[in-house]
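Visitor: I'd like a close look at a single part of this protein, the place where its strands pair up. Could you walk me through that part and then show me what else ties in with it?

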Amino acid sequence: MSSLRSIARHPSICLIDSSTTLRELLQIHAHLLLNGLLNEPQFLGQFVAAVALRNPENLEHSSRVLDQCENPTLFGLNSMIRVHSKSPTPQKSFRYYNRIRRCGLSPDNYTFNFLVRACAQLPACGVGESVHGALVRHGFEGDPHVQSGLINMYAEMGSLESCRRVFRGILDRDVVCQTAMLSASAKYGDVAFAKQLFDEMPERDTVAWNAMIAGYAQCGESREALNLFHEMQLEGVKVNEPSLVPVLSACTQLGALDQGRWAHAYIEKCRLRITLTLGTALIDMYAKCGDMDKAMEVFWGMKERNVYTWSSAMNGLAMNGAGRECLELFSLMKKDGVLPNEVTFVSVLRGCSVVGLVEEGCKHFASMTKLYGIQPELEHYGCMVDLYGRAGRLNEALNFINDMPVEPHAGAWGALLNACKIHKNMEIGELASRKMVELEAKSHGAYVLLSNIYADNKSWEGVSQVRQVMKSRGLKKLPGCSVVEVDGEVHEFFVGDNSHQMYNEIKVMLGEIFRKLRLSGYMANTNPVLFDIEEEEKENALALHSEKIATAFGLIRLKKDVPIRIVKNLRICWDCHDFMKIVSRTFDREIVVRDNNRFHHFKGGGCSCRDYW
């Protein structure tokens, strides 16, 4: 017997739905009282459940009715646990569980299914473990709904090992249970086990496909995410919003604009509703693929926008060099009555940094606590250091770091170190480098930047010392990798790469590019090469940087009116930056490079970063 099995309902109770007003509800309540129906525990439970589940706007009314009842039914109490388990106040579920125990009722599988769901929303791990213990004592550990609920609960608590323990104890694993374990494994990075489960499932619903695609996207395995999405379509599985958000995330990671456009066209073709989540993901994809015009078209086309939608658009503008437009959008957001959050101010400070508005940036930073009660986080402090550094105010940047109320992090010292590289300040650069190494001994970035500072100052002894330290600590500079998309296919190039099937054509094109560039006055900037070797050898090393190879490939394969879009895993070097500017002018091509720090829009011999990155 189940407390939630359907019982014949009174016609008056059947009238209650989500549109029932409080006045109408009170009339129904009065009718049931006058007829003595609420003296029957069965009908009282039905009334409470109907209000709680179908008319949650008036949840407080059902709570008061239940509080006045001396002998509530398990059905009514379970209904209250159920509705609170899905509400912003899941902790209230335990009030009704305690009432079940006080009334001498025996909790059933529904009781624990809803309690487990409530625990998944509560951060205190001990609560979930206590409920797990209670359901075992009552003999419901074998219920399939409870089992899958436990896996979801432990996944929300961040305990993948507990998920595995529950999963191993299940003898007859249904599709819901397998999907729950798949989702947990994918969410916490065990993609191999998630894929194994996925492949072994006799039937896979949309939830399983979505979980696997999201797992790949979260772990940075973007190509696998997109391949699986295409496979999902071939098998005729229904695509919905949770399918497309990770797909757009994968396109964002790869910088695969063509595939992102295809996903957007699919959304429009299938007439899927552009929800806040989906719309924000589209804005983020277009922005991080360098197409801000399309990102803003999506933004202005959305009927509803929340703080994350505004912040995503603002971040895209700042990242693409449109700092003033970012700040204008911030003003519009405030006029629209949307309160900024922590993410918003990261975008605002980046916008100020891009256009060198130091004083305005300082005002916005101060307003976080004064006007909005938002405590700055490490990322905000890093943005402020970048703001001072970009403007060449290195001493103020150092003072800001020293005055931080929290321990300065590697991001702040890294921003200062990069500013020292740009402004060729070896003294502060050495200090920033030492601090970075103290915080991140295994990070090669600080060593490489310091080496570049020494190289800029022709201090080959300093370069040699840095290289010896890197060697003794087993550190290596990551190999440069650049990705360019042509006709929806992503092509990957590494530094010195000759493995591409079109390498011979690329080599010829590179020769032609350098011939034309030298006629335009280009001379390789060999300072970034960390070896005290002959200039000619340095030029040869620079010529094989991955973004140059990707550019040559783009010139071969892409039509003249199509921008060459490149995604690079490292910060673009000075020589490649100069190279891109001259190529954009000499070949009359727009080139968009997304490195690991910001966007560079090269056009007509200039760059959107204004030569600061």
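Guide: Let's start with S3 and S4, which run parallel and are joined by four bridges. Keep in mind as we go that this is a predicted model. To see how the two strands line up, find Val 567, which stands opposite Arg 594 in S4. Between the two strands, the chain leaves S3, passes through helix H32 (residues 574-586) and arrives at S4, making a β-α-β crossover that is right-handed.

Now stay on S4, which covers residues 591-594. Ile 591 and Val 593 point one way from the strand, while Val 592 and Arg 594 point the other way. That fits a general pattern: in a regular strand, side chains take turns between the two faces of the sheet. Are these four residues of S4 buried or exposed? Every one of them is buried, Arg 594 included.

S4 has another partner too. It pairs with strand S5 (residues 599-603) in the antiparallel sense, over four bridges. Here Val 593 has His 600 in S5 as its bridge partner. To get from S4 to S5, the chain takes a hairpin of four residues.

Let's go back to S3 and pick out Lys 568. It forms a salt bridge with Glu 547, and the closest N and O atoms are 2.9 Å apart. Glu 547 lies in helix H31 (residues 546-557) and Lys 568 in strand S3 (residues 564-568), so this pair ties together parts that are 21 residues apart in sequence. Have a look at how hidden the two partners are: Glu 547 is buried at 0% relative accessibility, and Lys 568 is buried as well, with a relative accessible area of 9%.

For contrast, try a salt bridge inside one helix. Asp 199 pairs with Lys 195, with the closest N and O atoms 2.8 Å apart. Both sit in helix H12 (residues 191-200), four residues apart, which is about one turn of the helix. Asp 199 is partly exposed, with a relative accessible area of 46%, and Lys 195 is partly exposed too, at 23%.

Salt bridges can also link up. Glu 161, Arg 164, Arg 168 and Asp 190 are joined in a network of them. Within that group, Arg 168 and Glu 161 form a salt bridge whose closest N and O atoms are 3.3 Å apart. Arg 168 is exposed, with a relative accessible area of 52%, whereas Glu 161 is partly exposed, at 39%. Altogether, the model has 19 salt bridges.

So how many disulfides are there? The count comes to zero. A disulfide is a covalent bond between the sulfur atoms of two cysteines, and you can check a couple of cysteines yourself. The sulfur of Cys 352 has its closest cysteine sulfur in Cys 326, 7.4 Å away, which is too far for a bond. Cys 383 has its closest cysteine sulfur in Cys 352, at 9.9 Å, again too far for a bond. As for where these two sit, Cys 352 is buried at 0% relative accessibility, and Cys 383 is buried with a relative accessible area of 8%.

Terms used. Residues are numbered from 1 along each chain as its sequence is written. This is a predicted model: local features need pLDDT of at least 70, side-chain atom pairs count only at pLDDT 80 or more; totals for chains, interfaces and linings use all residues. Side-chain values use heavy atoms; hydrogens and water are left out. A salt bridge is a side-chain nitrogen of Lys or Arg within 4 Å of a carboxyl oxygen of Asp or Glu. Buried means under 20% relative accessible area, exposed over 50%, partly exposed in between (1.4 Å probe, protein chains only). A disulfide is a pair of cysteine sulfur atoms within 2.5 Å. Two strands pair if DSSP finds at least two bridges between them. A crossover is right-handed if, with the strands pointing away from the viewer, the path from the first strand over the helix to the second runs clockwise.
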